[in-house]
Amino acid sequence: MKNTLITLLNQKQTGDKITMLTAYDYSTARLVDECGVNSILVGDSLGMVMLGYENTLPVTMEDMIHHTKAVSRGAKNAFVVADMPFMSYHVSVEQALTNAGRLVKEGGAHAVKLEGGTDFCDRISAISKASIPVVAHLGLTPQSINSFGGFKVQGKSLEKADKIVKDALEVEQAGACALVIECVPAKLAKLITSLLKIPVIGIGAGADCDGQVLVYQDMLGMFFGFAPKFVKQFENAGDAMRRGFSKYINETKSGEFPSEEHCFGINDEIIKQLNNKYGRED
Ligand code: KIV
């Protein structure tokens, strides 16, 4: 069944948890989509997990469009959300509108996601008025890493928690179709989820959100070094890949691969004539 904005809204109303996973390429999008995920996020986390940057700041619009196109080709039923990268919506409403349009027209995204609350409501409003659904992103917003001074839990003090609640209410008011809330105390996310009519999708925000999102490399053990506390490793694909790559290397070196079953045949007479012609034995 095709997932749309209406599907996600209905899920909020019926309590059917929304599942969202990141994907950045065609084959992963196909796999995730075949498993029945509701939504695929082409996150700017691709800068870190696919391109090897230290944070998401260097990601460009061209990067996002390139990966969103691939994901859109693989996602048959999932609702595809593409991240607006750092500085692609900060300069002006016009810039935000132009770039959101590119992610839909060129990338094939169904919706865009941008980080920020009150300060970005004019962008959210303009983009959604252009019939492009906007997912807002609050809490730990990785594009503000330099202002936060690191990847830290947000909204622990009364003042900061209340600011996140106000931002959530305002982005909804501005027209956001959903909210991603990252790395905040579970009870704060629960309060926000109960206050908003739009779906609230959590990452590191506890079990009471309307849905969950994870970066697929994190949940499949395909990372190097630090894994955030909120990540559950559902499988160890990283080790499975390492095992597969090592087997390939060993079997190729030993000559075990490729064996008869992986080879194409040729008529004996033809190869005999060719071997004779070029002075080689069969
Ligand atoms: O870029 C991303 O993958 C995200 C998720 C962490 C929510 O924004």
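On a 1 Å grid over the protein atoms alone, a pocket is defined as an open set of points with protein on both sides within 12 Å along at least five of seven lines. A molecule sits in a pocket if more than half of its atoms lie within 2 Å of its grid points. By these criteria, the ligand occupies the largest pocket. The structure is a predicted model, in which local features need pLDDT of at least 70, side-chain atom pairs count only at pLDDT 80 or more, and totals for chains, interfaces and linings use all residues. Residues are numbered from 1 along each chain as its sequence is written, and side-chain values use heavy atoms, with hydrogens and water left out.

The residues around the ligand (one heavy atom within 4 Å) include Thr-22, Asp-83, His-137 and Glu-182. Polar contacts (pairs of N or O atoms within 3.5 Å) link ligand oxygen atoms to the side chains of Ser-45 at 2.5 Å, Lys-113 at 2.8 Å and Asp-44 at 3.1 Å. Of the 260 Å² that the ligand exposes when taken alone, 96% is buried by the protein, as computed by the Shrake-Rupley method with a 1.4 Å probe.

No disulfides (cysteine sulfur atoms within 2.5 Å) were found in a search of the whole structure. The sulfur of Cys-209 lies 12 Å from the closest cysteine sulfur, in Cys-183, and is therefore too far away for a bond. Cys-209 is buried (under 20% relative accessible area), at 1%, whereas Cys-263 is partly exposed (between 20% and 50%), at 42%.

Notes: A polar contact is a pair of N or O atoms within 3.5 Å; within protein, one must be able to donate a hydrogen and the other to accept it, and residues adjacent in sequence count only if both atoms are side-chain atoms. On a 1 Å grid over the protein atoms alone, a cavity is a set of points where a 1.4 Å probe fits but cannot get out, and a pocket is an open set with protein on both sides within 12 Å along at least five of seven lines; lining residues have an atom within 4 Å of a point. Buried means under 20% relative accessible area, exposed over 50%, partly exposed in between (1.4 Å probe, protein chains only).
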